[in-house]
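Subject: Structure handover

Hi,

Here is the structure for you to pick up. Please open it alongside this note.

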Amino acid sequence: KAKKVVSALDKLRKGVVDKLKDEPTTIDANVREARKRLEEIEAEVLRPLTEMDARAVRLRIIADRPNILSAAPIHQLEQELATAQAMTTEEAEWKERTKEAELVKIGLVEALEAILAKRKQDEADRLELDRLRAEKAEKEMRERIERETREKLAREAEQAAIAEARA
């Protein structure tokens, strides 16, 4: 009879141990499920802030374009200006930052137009300066040739006079 009791106790112990071994797995599965759901809730709650931050960052990047493009070639400035003018400031895209987007667009277009106008004026000034330098160099060359020709004629006349005086 004692063996039966010991055997029954061993079976009970084994059953309790098996249950206890399964509990961590069950607990881990429940924790994973709870963590997953909490992360989904967090993402859902933070999504509007993330989108708002993304729009604010995008506006800062757009507003900084003139500084970045200040040394760009004229054709790139013209492309950027066309892109800026085509930029949409609709509420669907910018939501609560629609007015700010409109102001940034206006500022960007004005800045790019000013940079482009200055760049075109600088280019025209550079071309004019090159033309004036070329004219000056040509004039100096003509004057040098004339001076050398006069000096050569004067030397030849002097040599002819000396040769005549000796003859």
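Below is what was found, element by element.

One caveat first: this is a predicted model.

**Helix α4**

Start with helix α4. It covers residues 98–166, which makes 69 residues. From first C-alpha to last it reaches 100 Å. The expected figure, at 1.5 Å a residue, is 102 Å, so the two are close.

Which residues of α4 are buried? The list is T98, A101, V104, K105, L108, V109, L112, I115, L116 and R119. Note that K105 and R119 are on that list of buried residues.

Two lysines in α4 are not buried. K118 is in α4 and is exposed, because its relative accessible area is 53% and the cut-off for exposed is over 50%. K120 also lies in α4. At 42% relative accessibility, K120 counts as partly exposed.

**The nonpolar core**

The largest nonpolar core has 15 residues. Seven of its members touch the most others: I62, L69, L77, L81, A84, L108 and L112. Helices α1, α2 (74–86) and α4 each supply at least two residues of this core. Which helix gives the most to it? That is α4, with seven residues.

L81 is worth a look here. Setting aside neighbours within four places in sequence, L81 is in contact with V109, L112, E113 and L116. Of those partners, V109, L112 and L116 appear among the buried residues of α4.

K120 has contacts of its own. Not counting residues up to four places away in sequence, K120 touches I74 and E78. P73 is 47 residues from K120 along the chain, yet their C-alpha atoms are separated by 9.9 Å.

**Salt bridges**

How many salt bridges are there? The count comes to ten. Three of them are described here.

- E40 and R37: the closest N and O atoms are 3.4 Å apart. The two residues are three apart in helix α1, so about one helical turn separates them. E40 is partly exposed at 40% relative accessibility, and R37 is partly exposed at 44%.
- E123 and R126: the closest N and O atoms are 2.6 Å apart. Both are in helix α4, three residues apart, so they too are separated by about one helical turn. E123 is partly exposed at 31% relative accessibility. R126 is partly exposed at 39%.
- R131 and E135: their side chains meet at 2.3 Å, N to O. Both lie in helix α4, four residues apart, about one turn of the helix. R131 is partly exposed, with a relative accessible area of 39%. E135 is partly exposed at 41%.

Why does this spacing suit a pairing along a helix? An α-helix has 3.6 residues a turn, so residues three or four places apart point the same way.

The E123 pair is also part of something wider. E123, R126 and D130 are linked in a network of salt bridges.

**A nonpolar patch on α1**

Now to the surface. Which residues make the nonpolar surface patch of about 350 Å²? They are L38, I41, V45 and L46. I41 sits in helix α1, which runs over residues 2–69. Is I41 buried, partly exposed or exposed? I41 counts as partly exposed, because its relative accessibility is 35% and partly exposed lies between 20% and 50%.

**Long separations**

Two pairs give a sense of the distances in the model. K118 and A34 are 84 residues apart along the chain, and their C-alpha atoms are separated by 61 Å. A167 and V17 are 150 residues apart in sequence and 144 Å apart in space, C-alpha to C-alpha.

A167 is found in the segment after α4. A167 counts as exposed, at 87% relative accessibility.

**To recap**

- Core: 15 residues, with α4 giving the most.
- Salt bridges: ten in the count, including R131 with E135 at 2.3 Å.
- Surface: a nonpolar patch of about 350 Å² that includes I41.

Best wishes

Methods. Residues are numbered from 1 along each chain as its sequence is written. This is a predicted model: local features need pLDDT of at least 70, side-chain atom pairs count only at pLDDT 80 or more; totals for chains, interfaces and linings use all residues. Side-chain values use heavy atoms; hydrogens and water are left out. Patches are made of residues with over 30% relative accessible area and no salt bridge: like charges are joined within 9 Å, nonpolar side chains (Val, Leu, Ile, Met, Phe, Trp, Tyr) within 5 Å. Accessible areas come from the Shrake-Rupley method with a 1.4 Å probe; for residues, only the protein chains shown count as cover. A salt bridge is a side-chain nitrogen of Lys or Arg within 4 Å of a carboxyl oxygen of Asp or Glu. Buried means under 20% relative accessible area, exposed over 50%, partly exposed in between (1.4 Å probe, protein chains only). A nonpolar core is a set of buried Ala, Val, Leu, Ile, Met, Phe, Trp, Tyr and Cys residues joined through side-chain atoms within 4.5 Å. Contact means heavy atoms within 4.5 Å.
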